[in-house]
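Thanks for asking me to look this one over. My notes follow as numbered points, best read with the structure open beside you.

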Amino acid sequence: MTGKNRRIALAVAAALALPPAFAAVPAQAAPSGGTSWQADLSTVDGDDAGVAYAGGALRASGPEAGYLVLPERKLDRRVNRVVAGTQGTGAFEVDVRGKLGGQDWTEWTPASGGAAVLPADVSTVQVRVEADPGSAVTGVELTADEAPQLRAAAAATPLTYKVFATREGLTGGTTANGHVIASRDHFVALPSGRGLAPKATGDYTVRVCKTDGSRCEYTPVWDVGPWNTKDDYWNANRQSWTDLPQGKPEAQAAYQDGYNGGKDEFGRKVANPAGIDLGDGTFLDGLQLSDNGWVNVTYLWTGSGPTGTVKTAGDPMNVRSSASTSASIKGLAANYAKVTIECYVEGDSVTGTYGTSVIWDRIGPGHYVSDSYLYTGSDEPVAPHC
């Protein structure tokens, strides 16, 4: 099945599966001593997708679910829980994430049962409201506080899994975060909104490589799919299909093992084991693939360490095998991709978005990019010398 047909089927299945009266997320009692505020649902701007505010309610503006991404909220204390009290009709969801420091965020965490418990203590949070077709969200009240729960430290090394990749295509279409797909575009889709980066950001970026490691691309997650929409298979505590092993997409289990009767969350027969969709530029230019196939995917936000965001005039930049403009090209780093900087070396002088520099950053095994194209928030190296 082609990517286009999968997307159309997804929208149709979602519409057919929607019950006539879906209850809004139940409101929990606001914790005492927390910080509370009312979400402004009326301001729809450039980082929002597929929603409109009219008649006192936020609604999906098209045939698929839309997202309203609210501004970052700086709090006067550190918190790890946000309770969401909601008003409205139809199917909608409130997701929350927290800023870990610098440019790094936690994943989007659904406010299941009315509360989103974050994996770390944070002082800046951001809220996203997802509205399905036919829904009307009239109010969201939020209260942030500290929940008395033990937390596991973030892993130093990001998670990597071997999954089946398909080519998305759909030039001219719109991704889940509102990006209009260009010819030979550079982005990926994962089957869960938990790792969906807002438009024109790389808050959630993957390194996707051929299984022999000969070509890789660092590229942002800008769409949701293939097959499923709530299958964050890379997480130990996944949102759905919790009996499957970590790292195995539901579509792969359905296709290979007959799991869930061989069907996805919408009841469709799974025609391939895909756990990631690749934009055409990532597929053809970054990895230089000729057909769908297995790849190694590293979910960079699941690790830790200093980061930098690729900023170019628009095209991806070359990733080289050493700190030289004549070194062999190992792949690409897409504009907006947020990469982990392992260490730095001195090499060829390069003039880029942020001036001229001889500093090159190692962003992966044998992968180097010029620091002159990375936004790190500092004029000095943010990682140790290699």
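1. Let me begin with one histidine. His367 is buried, with a relative accessible area of 3%, where buried means under 20% relative accessible area, exposed over 50% and partly exposed in between (1.4 Å probe, protein chains only). His367 belongs to strand 23, residues 367-370. Helices (H or I, at least four residues) and strands (E, at least two) are DSSP runs numbered from the N terminus. Leaving aside residues up to four places away in sequence, His367 touches Arg207, Cys216, Tyr218, Val319, Arg320, Lys330, Asp361 and Arg362; contact means heavy atoms within 4.5 Å.

2. A word on the source before going further. This is a predicted model, in which local features need pLDDT of at least 70 and side-chain atom pairs count only at pLDDT 80 or more, while totals for chains, interfaces and linings use all residues. Residues are numbered from 1 along each chain as its sequence is written, and side-chain values use heavy atoms, with hydrogens and water left out.

3. One of the contacts of His367 is Tyr218, and this tyrosine deserves a look too. Tyr218 lies in strand 14 and is buried, with a relative accessible area of 1%. Its C-alpha atom is separated by 9.8 Å from that of Met317, although the two residues are 99 apart along the chain.

4. Now the overall picture. The chain has three helices and 24 strands, and buried residues make up 54% of its 386 residues. Of the contacts with a separation of 6 or more, 69% are between residues 24 or more positions apart.

5. Which residues touch the most other members of the largest nonpolar core? They are Leu190, Ile276, Leu278, Val295 and Tyr299, in a core of 27 residues. A nonpolar core is a set of buried Ala, Val, Leu, Ile, Met, Phe, Trp, Tyr and Cys residues joined through side-chain atoms within 4.5 Å. Two or more residues each come from strand 11 (159-167), strand 12 (188-190), strand 13 (205-210), strand 14 (216-224), strand 15 (274-278) and strand 16 (293-299). Apart from this core lies another, of 26 residues, among them Leu58, Leu75, Val79 and Ala131.

6. Leu190 is worth clicking on. Not counting residues up to four places away in sequence, its contacts include Val206, Val221, Tyr233, Trp234, Ile276, Tyr299 and Trp301. Asp223 and Gly225 are also among the residues that Leu190 touches.

7. Helix 2 (residues 250-257) has Glu250, Ala251, Gln252, Ala253 and Ala254 as its buried residues. Those residues pack against strand 15 and strand 16. After the helix comes Gly258, with a positive phi near 75 degrees.

8. Strand 6 (residues 92-101) is mostly covered, with seven of its ten residues buried. Two strands pair if DSSP finds at least two bridges between them. Strand 6 pairs in the antiparallel sense with strand 9 (residues 115-131) over seven bridges, and there Val94 stands opposite Val129. Its antiparallel pairing with strand 8 (residues 109-110) has two bridges, one partnership being Asp95 with Pro110.

9. Strand 6 also pairs with strand 7 (residues 104-105), antiparallel and over two bridges, with Lys99 opposite Trp105. These two strands form a hairpin with two residues between them, and Gly102 in the turn has a positive phi of about 60 degrees.

10. Where does a strand edge lack a neighbour in the open sheet of three strands? The order is 20-17-24, with antiparallel pairing. Strand 20 (338-340) and strand 24 (374-375) stand at the edges with a single partner strand each, so one side of each is left without a neighbour in the sheet. Two bridges join strand 17 (residues 307-310) to strand 24, and Val310 has Leu374 as its bridge partner.

11. Finally, the empty space. On a 1 Å grid over the protein atoms alone, a cavity is a set of points where a 1.4 Å probe fits but cannot get out, and lining residues have an atom within 4 Å of a point. Grid points are joined across faces, edges and corners, and a volume is the space filled by probe spheres set on the points. There are two cavities of 30 Å³ or more, and the largest has a volume of about 60 Å³. Of its 13 lining residues, Tyr67, Val69, Asn177, Leu196 and Pro198 are the closest to its centre.

Note on methods: 1 Å grid on protein atoms, 1.4 Å probe; cavity = no way out; pocket = protein on both sides within 12 Å on 5 of 7 lines; lining within 4 Å.
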